[in-house]
Amino acid sequence: MQPFIYNALPARVIFGWGTSSQAAAEVRALGCSKVLVLTTPQQIDSGEAVKATLGELGVGIYSNATMHTPKSVTMDAMSIVQKLGVDCVIAVGGGSTIGLGKAIALQSDGKIKQIVIPTTYAGSEATPIIGQSETDANGQTLKTTQKTTKVLPQVIIYDINLSMTLPAQMTVTSGLNSIAHAVEALYAPEANPIHSSLAEQGITSIARSIPAIIKNSQDKDARSDALFGAWCGGTVLGAVGMSLHHKLCHTLGGSFGMPHAETHTVILPHAVAYNEPYAKEAIGRVAKALGVTNAAQGLFDLAKDNGAPYSLKALGFKEEDLEKAADIAAKAPYPNPAPLEKAKLLQLLTNAYHGTRPE
């Protein structure tokens, strides 16, 4: 056994069927009495259903959560928070809604409590990480990422019922996004036996669930597996550092406006292939968790065989931007098993652009 350091993040997790009905009890347990429910415009019905269970505790709904957590939206939401005297927010949705809840908590210096009811597999509910965006005077969108326990939700309620209607393709890309967290946790500098075991469980659970959900979207065991895997992925994402895969995805999302989960889905097999010669043991564990002999090919096939995008070209990325993306990814130093060489990164991105199956 190698020496290791293990840090556990504080969180209360409730997992099961119909668990969103327990939200009111959790609000009271936090000592709160005025709750603002957060959603995107598309998920306001889910938010209304949760608010209905809160009774007099629910003082309103804010339904303008937006991708990449624009600071302008956060400040708009904060005006409602202050007007209503809100002391707790409940985020019902995926990464955009969860990000808004975190931003509100950060604006309050951690005083406003958070309960999260995730409806996708992104895993951000289990992390102390927040990404925010704002537009500068030249109209350029700038993205910043911050890590602080002030944005870590106090309670996560996983209600499998709320994930049953997640569209099939979003299930695949959101699931592979979560697998990406687990993969990079296995070769992170801070890797430890506890989080590595959780990462492997997450990979296995989601990889098993995706084909089953594509076959039957109402498969309850598969939906349960996927949501559990998402918690595993989010937990390890919040506990250890991420490497090349996440850096590339943040570059493509932040500088080129590429969609989050779909970009993770496309890049992951190629990032794994890039790192494999320098992280053989960790990536061997990925292959074992997937039930394949080659991890990079297994991840590529999991996406392609289940109808997910597998090329940057299909996502609308421009071929002439490949060089610029490689340049950005190579410039900022960050921990990674394989050395970061621009020429090799450009080849990785070129393969991802064309949707070439890793060798």
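**Two helix pairs and a loop: group meeting talk**

Let me begin with a residue in a loop, Thr69, which is buried, its relative accessible area being 6%. Before going further I should say that what we are looking at is a predicted model, and that everything I describe is to be taken in that sense.

Thr69 sits in the loop between β3 and α3, and what draws attention to Thr69 is its backbone, because phi is positive there, at about 50°, although the residue is not a glycine, while burial follows from its 6% relative accessible area, under the 20% that marks a buried residue. His68 belongs to the loop between β3 (58-62) and α3 (71-84), and His68 too is a non-glycine residue with a positive phi, in this case about 70°. As for accessibility, His68 has a relative value of 23% and therefore counts as partly exposed, whereas Thr69, as I said, is buried.

Let me turn now to helix α5, which covers residues 168-186, and to the way in which α5 meets helix α7, residues 220-239. The axes of α5 and α7 are 8 Å apart and make an angle of about 40°, so the two helices are oblique to each other, since that angle falls neither under 35 degrees nor in the range from 65 to 115. The crossing of α5 past α7 is left-handed. On the α5 side the contact is made by Thr171, Ser178, His181, Ala182 and Ala185, and on the α7 side by Arg223, Gly229, Ala230, Gly233, Gly234, Val236 and Leu237. Sorted by class, the residues of this contact are five nonpolar, six polar and one charged.

Two of the α5 residues in that contact deserve a closer look, and I will take Thr171 before His181. Is Thr171 buried or exposed? Its relative accessibility is 1%, and Thr171 therefore counts as buried. A polar atom of the Thr171 side chain lies 3.4 Å from the backbone oxygen of Leu166. Once the neighbours within four places in sequence are left aside, the residues in contact with Thr171 are Tyr121, Leu166, Ile213 and Arg223, and Arg223 is one of the α7 residues in the helix contact I have just described.

His181, also found in helix α5, is buried as well, with a relative accessible area of 3%. Which side chain does the side chain of His181 meet in a polar contact? The partner is the side chain of His246, at 3.0 Å. Again leaving aside neighbours within four places in sequence, His181 is in contact with Ala122, Gly233, Gly234, Val236, Leu237, Met242 and His246, and among these Gly233, Gly234, Val236 and Leu237 belong to the α7 side of the contact between the helices.

Finally, let me set beside this a second pair, helix α10, residues 280-290, and helix α11, residues 295-304, whose axes are 8 Å apart and which pack at an angle of about 40°. These two helices are therefore oblique to each other, and α10 passes α11 in a left-handed crossing. The contact is made by Ile283, Val286, Ala287 and Leu290 of α10, together with Ala295, Gly298 and Leu299 of α11. By class, the contact of α10 with α11 has six nonpolar residues, one polar and no charged ones, whereas the contact of α5 with α7 has five nonpolar, six polar and one charged.

Technical notes
Residues numbered from 1 in each chain as written. Predicted model: local features only at pLDDT ≥ 70, side-chain atom pairs only at ≥ 80, totals over all residues. Heavy atoms only, no water. Axes fitted to C-alpha atoms, helices over the stretch in contact; angles between N-to-C directions. Helix = DSSP H or I, 4+ residues; strand = E, 2+ residues; numbered from the N terminus. Parallel < 35°, antiparallel > 145°, perpendicular 65-115°, else oblique. Left-handed = near helix turned anticlockwise from the far one by under 90°. Contact = heavy atoms within 4.5 Å. Nonpolar A, V, L, I, M, F, W, Y, C, P; charged D, E, K, R; others polar. Buried < 20%, exposed > 50% of the residue type's maximum accessible area, 1.4 Å probe, protein only. Polar contact = N/O pair within 3.5 Å; in protein donor to acceptor, adjacent residues only side chain to side chain.
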